[in-house]
Protein chains: 4
Amino acid sequence: MNNIQILINELVKFRDERNWSQFHNTKDLALAISIEAAELNELFLWKTTEEAELVDQNKLKEELADVFAFSLLLAGKLGFDVKEIVLEKIKRNGEKYPVEKSKGTAKKYNEL
Amino acid sequence: MNNIQILINELVKFRDERNWSQFHNTKDLALAISIEAAELNELFLWKTTEEAELVDQNKLKEELADVFAFSLLLAGKLGFDVKEIVLEKIKRNGEKYPVEKSKGTAKKYNEL
Amino acid sequence: MNNIQILINELVKFRDERNWSQFHNTKDLALAISIEAAELNELFLWKTTEEAELVDQNKLKEELADVFAFSLLLAGKLGFDVKEIVLEKIKRNGEKYPVEKSKGTAKKYNEL
Amino acid sequence: MNNIQILINELVKFRDERNWSQFHNTKDLALAISIEAAELNELFLWKTTEEAELVDQNKLKEELADVFAFSLLLAGKLGFDVKEIVLEKIKRNGEKYPVEKSKGTAKKYNEL
């Protein structure tokens, strides 16, 4: 079994042991991702780009793990194949950001 | 090679073809996750929990894929093993949310 | 003096007594708004729409006040007149969402 | 009438002309603030602190106005006096961040 499925299975097991699937509707799972992303960002607030590179790695691991956890739970709930949707998105982004136009610039595709 | 590493490699290849690693500092990658999470949430805004379950699956796949993409890029940049940090977080959450106390309730650990 | 300017002045005084203007660049102030907005949202996570209406009002006041505080500090830093920019935005939204098209629907303007 | 109340009245008028109060429950209004805050942040993504100061002022005004609009609508819906809750929060923050301890440092109160 691949790593992504192993993680989803562990997360679902954790959820079901606590009878939490009743709370895990699509809308609230998406909200949870957003809240965890904000907690990750809080580690960098008021810090320069350089200082941000020095943030405590254990805190970073925990907050990033939370983002992954809810993202994986949402993917699992919706029956999405994470590998497939990410590869598909890379392909689409390749069309929106062709190398020759986007190389070395951070402009959005609609400004290229 | 496992699925997670395959995805990180593809994302890094995409990034490097465009010479974008100069923009991908830790702080901005975290910010990008947060912005993509908000775009995911926007699909559910003003919708009831029931209506949220009916949102267009293709849009959902794209927005969730974006959250995964930047999360994987950040994990890759920091050298984190995604499987390891998520399993570690599940373990810690098991201590914060013991089954007997947290079963069937959505309370935060500090309110249990 | 109007209420908005009174609040900005108090916030600037608080900031300057602590010599915090060095941290309050535009990008980090915007990030702070986003983080406070997430803390506000956390009060509603895993709650139904009905349960959300019953959340502790004091917590709500505090989190919403934080969103206002950083929004006002950012407006003050950029020299924006809050009344003017909000009235201007209402006018623009009136063009994007004409009453006859948008009445009773939560669709985005590009889907009307 | 003070500026804040004028804005809330205009926003409520705009909302009621469109029969939108049915969508504006507390939870979704908070979500809307968060989404608008992310759009504000997107203006700064991949930009250095210095570049962020040069972002187009009109875009900034629009995105910040959106954050204010939903924050004011939420305050209005909940019957909060914005001036009062912000002044109250400044007072509380003064206790959490006494000048002598917090001067010149961006540390959180629990790390001071």
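Which residue forms a salt bridge with Glu62(B)? Keep that question in mind; Exercise 1 works it out.

This is a predicted model, in which local features need pLDDT of at least 70 and side-chain atom pairs count only at pLDDT 80 or more, while totals for chains, interfaces and linings use all residues. Residues are numbered from 1 along each chain as its sequence is written, chains are lettered from A and ligands numbered from 1 in the order in which they are written, and side-chain values use heavy atoms, with hydrogens and water left out.

**Exercise 1. Find the partner of Glu62(B), then look at the A–B interface around the pair.**

Step 1. Start with the rule: a salt bridge is a side-chain nitrogen of Lys or Arg within 4 Å of a carboxyl oxygen of Asp or Glu. The partner of Glu62(B) is Arg92(A), with the closest N and O atoms 3.1 Å apart.

Step 2. Now count. Chain A and chain B have six salt bridges between them, and the structure holds 32 over all chains.

Step 3. Add the polar contacts (N or O atoms within 3.5 Å; within protein, one must be able to donate a hydrogen and the other to accept it, and residues adjacent in sequence count only if both atoms are side-chain atoms). Between chain A and chain B there are 26 such residue pairs, both residues at pLDDT 80 or more.

Step 4. Ask which element contributes most. Helices here are DSSP runs (H or I, at least four residues), numbered from the N terminus. On the side of chain A that touches chain B, helix 4 of chain A leads with 15 residues.

**Exercise 2. Describe the salt bridge of Glu53(B) with Lys77(A).**

Step 1. The closest N and O atoms of Glu53(B) and Lys77(A) are 3.1 Å apart. The pair crosses between chains: Glu53(B) sits in the loop between helix 3 (49–52) and helix 4 (57–78) of chain B, and Lys77(A) in helix 4 (residues 57–78) of chain A.

Step 2. Check exposure (buried is under 20% relative accessible area, exposed over 50%, partly exposed in between; 1.4 Å probe, protein chains only). Glu53(B) has 32% relative accessibility, so it counts as partly exposed. Lys77(A), at 36%, is also partly exposed.

**Exercise 3. Is Arg18(C) buried or exposed?**

Step 1. Arg18(C) forms a salt bridge with Glu17(C), the closest N and O atoms being 3.3 Å apart.

Step 2. Arg18(C) is buried because its relative accessibility is 3%. Its partner Glu17(C), at 33%, is partly exposed.

**Exercise 4. Describe how much area the A–B and D–B interfaces bury.**

Step 1. Buried area is the accessible area (1.4 Å probe) that two parts lose on being put together, summed over both. For chain A and chain B it is about 5900 Å², 70% of it from carbon and sulfur atoms.

Step 2. For chain D and chain B it is about 1300 Å², with 75% on carbon and sulfur atoms. Ile35(D), Leu45(D) and Trp46(D) supply 45% of the area that chain D buries against chain B.

Step 3. Turn to contacts (heavy atoms within 4.5 Å). Chain A and chain B touch through 64 residues of each, whereas chain D and chain B touch through 16 residues of each.

Step 4. Between chain D and chain B the count is zero salt bridges, alongside two residue pairs in polar contact.

Technical notes. Helix = DSSP H or I, 4+ residues; strand = E, 2+ residues; numbered from the N terminus.
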